[in-house]
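Here's a quick tour of a protein model, with an eye on its empty spaces and on how some of its helices pack. Have the viewer open while you read.

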Amino acid sequence: MNSTAPANELVLYRNGSVYSSADPFATAMLVDGGTVAWVGSEQAATSIQDSKMRVVDLQGALAAPGFVDSHVHLTETGLAESSLDLSGVRSLAELLSTVAAAAGESSGLLLGHGWDESGWPEARIPTAAELDAASGNRRVYLARADVHCAVVSGTLAAELGLSGMDGWDNGFVIRGAHEAARTASRNLSLQERARFQRAALDLAASRGIVAVAEMAAPHIAPPEDLRQLLGLEGTLGSVPGPQVLPYWGQLATTEQDLADLREAFGGKLLGLAGDLNIDGSFGARTAAVRLPYADAPETSGSLYLGEEEAARHLELATRAGLQAGFHVIGDAGLDTVLAALRRAAEAVGEQKLRAAHHRLEHVELTDDGAIAELVRFGVTASMQPSFDAAWGGGSGMYSQRLGSRSSSMNRFASLLSAGVPVVFGSDAPVTALDPWRTVQAAVSHSNPQERISARAAFIAHTRAGWRAAGTGNPMLGQLAPGTPASFAVWEADELMVQTPDSSVASWSTDPRAGTPLLPALDTGSLPRCLQTVHLGTELYRAPDFN
């Protein structure tokens, strides 16, 4: 149940563990309204406790900085939660039977989400005619897990004229055909959008997430969708939720373009960045790659923006003191971005370009030379470890699409060790709003050389997320005296220190490490969120939390 704590309430959390660099052995924390007033030992907590404080017995639970999900789509996440879940479908036959069963239970447009054919025995996806037969000629739109493509029924295709559009292939849609189908399937009122957004925010809060970077873009939803999240129109109600860090992925070609976009969102945009697509996705084979796809040698993907356009966008944003950035997945797509960064640096100066702290989303396929240029230009890499958990490894979708090149995917360790700021998110609904699973995926990367420590992954999903968004408060994402009271309380099996070195014991309870403890992620069950608090306001409380 959500509630708002009094602004001046003193709350003493004790008898647990507090993740604090100020005191790695802290077991208690005093919160004064929206600020952490003190962290320390149990003995010290006894000495400062008085009748003015509300005391919360953690019973061994962990209080830690709240997570920042650095790449989400809230309306899409809420919509996916209410759509036909196809993530567990393991064959073409099962997908068609699932569609048939759902078609018999409802009417209107049938929406589904999450299928991934890379492991299906049939090694193909359904045709428009097969979806017509399964659904009884219903309008059907089923988004693939990466949401950059879909399969649609012949009925929907005929209604929208998809067969004459770029990207149509007998029911499978990418590029223009997919955008048209997706737009039609998202014909929602502001009230409906508010319902989906509220559901996604509540879900995020229940997972210990205190802030989400909403990566809005005109090809995903109309401006009204983001304006509503920012409180500029419509209403989400008065219930508090995670803070929205707003980005809008639309190309600016003139200073007036940029000024108009900023004004359209009430000056609240953090950047013209996010899903401003340079290329597509590996699932759809539209990520732009230097060499043809291993399982489709006739294509090397698609480039949606060129070097000159991207450079102009970077230049305009830099001059305006605004973050810019792009969705980029393939190595050829990254080549285009790096060329654009070099051109923009010539126009505005390398120092000013670096100071703008531009960001790239996904950055999945990189080499050492590209990483060095990301360092040179001060670019942040916003990445999704759960992509590797879902599609990495020797028989995964990445390997199918790229062959041996898949070993250069999602290079967390290489990027961090070179000095590239890395932040983590889910790209929900592509993967779940599940931050501890994200940390676990980074720790257990399919390529052992790219694994990072749980502490590095945790920082990338908390403090680094705030810094990448440039929200102005460098103390966010930490628990120490004077920092914002923005945290989550977790029930965990064990608390340990973890190292990324697979040649030694991965987990240790040795207190001499002097490092704050984190939940062990190899126990079979991930931590459960008991409470989420942001700036002193409670966003979520588990029913059994005192």
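A residue counts as exposed when its relative accessible area is over 50%, as buried when that figure is under 20%, and as partly exposed in between. What you're looking at is a predicted model, so treat everything below as computed from it.

**Two loop residues**

Let's put those cut-offs to work on lysine 52. This residue sits in the loop between α1 (42-48) and β5 (53-57). Its relative accessible area is 67%, so lysine 52 is exposed. If you want a feel for distances, go from lysine 52 to glycine 425: the two are 373 residues apart in sequence, and their C-alpha atoms are 39 Å apart in space.

Is glycine 306 buried or exposed, or does it fall in between? With a relative accessible area of 26%, glycine 306 comes out as partly exposed. You'll find glycine 306 in the loop between β16 (271-272) and α10 (307-319). From the C-alpha of glycine 306 to that of arginine 138 is 39 Å, with their positions 168 residues apart along the chain.

**The open spaces: pockets**

Now for the pockets. The largest one has a volume of about 870 Å³, and 36 residues line it. Nearest its centre are Ser87, Gly114, Val430, Thr431 and Ala432. Which elements give at least two residues each to this lining? They are α2 (74-82), β8 (84-85), β9 (110-115), α14 (385-391) and α17 (435-443). Of the elements, α14 has the largest share, with four residues. In chemical terms, the lining of the largest pocket splits into 18 nonpolar, eleven polar and seven charged residues.

The second largest pocket holds about 620 Å³ of space. It has 35 lining residues, and His148, His219, Asp275, Asn277 and Tyr304 are the ones nearest its centre. Two or more lining residues come from each of α6 (175-185), α14 and α15 (397-402). Here α6 gives the most, with four residues. By class, the lining of the second largest pocket has 16 nonpolar, eleven polar and eight charged residues. Notice that α14 turns up in the linings of the largest pocket and the second largest pocket.

**The closed spaces: cavities**

How many cavities of 30 Å³ or more does the structure hold? There are two. About 90 Å³ of space lies in the largest cavity, which has 14 lining residues. Thr75, Glu214, Ile220, Ala221 and Asp225 lie nearest its centre. The elements that supply two or more residues to this lining are α2 and β14 (209-216), and α2 has the largest share, with three.

The second largest cavity has a volume of about 60 Å³. Its lining is made up of Glu76, Leu79, Ala80, Ser83, Leu111, Gly112, His113, Val147, Arg186 and Pro429. At least two of these residues come from α2, and at least two from β9.

Here's how the residue classes of the two cavity linings look side by side:

| Cavity | Volume | Nonpolar residues | Polar residues | Charged residues |
|---|---|---|---|---|
| Largest cavity | about 90 Å³ | seven | two | five |
| Second largest cavity | about 60 Å³ | five | three | two |

**Helix packing**

Two packed helices are described by the angle between their axes and the distance between those axes. Take α2 again, this time with helix α7 (residues 190-206): their axes are 7 Å apart, and the helices pack at an angle of about 90°. Angles of 65 to 115 degrees count as roughly perpendicular, so that is the label for α2 and α7. On the α2 side the contact is made by Leu74, Thr75, Thr77, Gly78, Leu79, Glu81 and Ser82, and on the α7 side by Arg193, Phe196, Gln197, Ala200, Leu201 and Leu203. These contact residues divide into six nonpolar, five polar and two charged.

The other pair is helix α3 (residues 92-103) and helix α4 (residues 128-135), whose axes come within 8 Å and cross at roughly 40°. That angle makes α3 and α4 oblique to each other. Leu92, Leu95, Leu96, Val99, Ala100 and Ala103 of α3 meet Glu130, Leu131, Ala134 and Ser135 of α4. By class, this contact has eight nonpolar residues, one polar and one charged.

Key: Residues are numbered from 1 along each chain as its sequence is written. This is a predicted model: local features need pLDDT of at least 70, side-chain atom pairs count only at pLDDT 80 or more; totals for chains, interfaces and linings use all residues. Side-chain values use heavy atoms; hydrogens and water are left out. On a 1 Å grid over the protein atoms alone, a cavity is a set of points where a 1.4 Å probe fits but cannot get out, and a pocket is an open set with protein on both sides within 12 Å along at least five of seven lines; lining residues have an atom within 4 Å of a point. Grid points are joined across faces, edges and corners, and a volume is the space filled by probe spheres set on the points. Ala, Val, Leu, Ile, Met, Phe, Trp, Tyr, Cys and Pro count as nonpolar, Asp, Glu, Lys and Arg as charged, and the others, Gly among them, as polar. Buried means under 20% relative accessible area, exposed over 50%, partly exposed in between (1.4 Å probe, protein chains only). Axes are lines fitted to C-alpha atoms, for helices over the stretch in contact, and angles run from 0 to 180 degrees between N-to-C directions. Angles under 35 degrees count as roughly parallel, over 145 as roughly antiparallel, 65 to 115 as roughly perpendicular and the rest as oblique. Contact means heavy atoms within 4.5 Å.
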